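Reader: I am new to reading protein models. Please pick one residue in the core and take a close look at what surrounds it.

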Amino acid sequence: MKRSLVPALIATTLLAATLTTLGTTSANAAPAPSGRPAPTVKCEFTPTPDNPAAKPVTVPKATAKAKGTADVFFVTNYGPFVVRMDRASAPCGVHNFVHLVQSRFYDRTQCFRLTDSTRLGVLQCGDIYRQEEGGPGYKFPDEVDGTETYPRGTVAYGNQGPGTNGSEFFVVHSFANIDPAYTVLGKVVFGMSTFDRIVAAGIADPDQDGPPTRPVRILKVLTLG
């Protein structure tokens, strides 16, 4: 079997197994009543010419679904995991993430930052070149209301200040005692043991905030919903 086919085969197997475990009804909320359109919102995606796209990707459409969920399936060199994203709480954020997944933006990328301190325990991914460098060539506003918390399993957008969301995201493997300034996409519903293995492998920094000792690679990402 060709090596290039292995991630796709693993992802397909993961998709089938997880749907059986989680139930196919989780991918989307119940459809809107007949004749009534599903709720949508308008999103503002602003090109960043000073920071062009690190991989080929277009700017997402400006209209996003504001109801239902999307399950995102990740295959990494440490194992798989699945994230359930909530369109109602972050419609533009989920819309963007699904767009990037469908554009294969996250395939064959690396997670450059791992932290495991008393304040912050996250794996940061979505940067193409290195930590906080290499985005999609556009940005969009935050979707926060000040009540956000970040317990174990939370998945949220990383940023470099208000309104700078792009492709960077983080997964909380323990807890994150941080300000409610990061758009929450959803939570890991399968595969937290993958993050336990990543943390156990260590961090190449004495301050416990730096590159994983053994590189964390995202091989393939698929989405449903």
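Author: Take Phe-169. Leaving aside residues up to four places away in sequence, Phe-169 touches Phe-74, Phe-97, Tyr-106, Leu-123, Gln-124, Cys-125, Gly-126, Val-155, Ala-156, Tyr-157, Gly-158 and Ile-218. Keep in mind that this is a predicted model.

Now place Phe-169 in its core. The largest nonpolar core holds 41 residues. Those that touch the most other members are Phe-74, Phe-97, Tyr-106, Leu-123, Phe-169, Val-188 and Phe-195. Helix H2, residues 91-102, gives the most to this core: six residues. A second core is separate. It has eight residues, including Leu-120, Val-122, Tyr-150 and Val-172.

Look at the rings next. Phe-169 belongs to one aromatic cluster, together with Phe-45, Phe-74, Phe-81, Phe-97, Phe-105, Tyr-106, Tyr-138, Phe-140, Tyr-157 and Phe-195. The count of aromatic pairs comes to 15. One of them joins Phe-170 and Tyr-182. Their centres are 5.8 Å apart, and their planes are at 80 degrees. That makes the pair edge-to-face, because planes over 60 degrees apart count as such. The two rings come from distant parts of the chain, twelve residues apart. Phe-170 sits in strand E11, residues 169-176, while Tyr-182 sits in the loop between E11 and E12. Phe-170 is buried, at 6% relative accessible area. Tyr-182 is partly exposed, at 23%.

Strand E11 leads to the sheet. The sheet is open and has ten strands, with antiparallel pairing. The order is E6-E14-E4-E5-E12-E10-E11-E8-E7-E13. Strands E6 (109-111) and E13 (209-210) stand at the edges. Each has a single partner strand, so one side of each has no neighbour in the sheet. Further in, E5 (residues 79-86) pairs with E12 (residues 184-190) over four bridges, in the antiparallel sense. There, Arg-84 stands opposite Lys-187 in E12.

Go back to Phe-195, a member of the aromatic cluster. Phe-195 is in helix H3, residues 192-201. It is buried there, as are Met-192, Thr-194 and Ile-198. Seen down the axis of H3, the buried residues fall within an arc of 145 degrees, so they line one face of the helix. Just after H3 comes Gly-202, with a positive phi of about 100 degrees.

One last ring: Tyr-78. Arg-214 lies over its face, at 4.6 Å from the ring centre.

Terms used
Residues numbered from 1 in each chain as written. Predicted model: local features only at pLDDT ≥ 70, side-chain atom pairs only at ≥ 80, totals over all residues. Heavy atoms only, no water. Pairing = 2+ DSSP bridges. Helix = DSSP H or I, 4+ residues; strand = E, 2+ residues; numbered from the N terminus. Phe/Tyr/Trp six-rings, centres within 6.5 Å; stacked < 30°, edge-to-face > 60°. Buried < 20%, exposed > 50% of the residue type's maximum accessible area, 1.4 Å probe, protein only. Lys NZ or Arg CZ within 6 Å of the ring centre and 35° of its normal. Core = buried A, V, L, I, M, F, W, Y, C linked by side-chain atoms within 4.5 Å. Contact = heavy atoms within 4.5 Å. Arc of directions from axis to C-beta.
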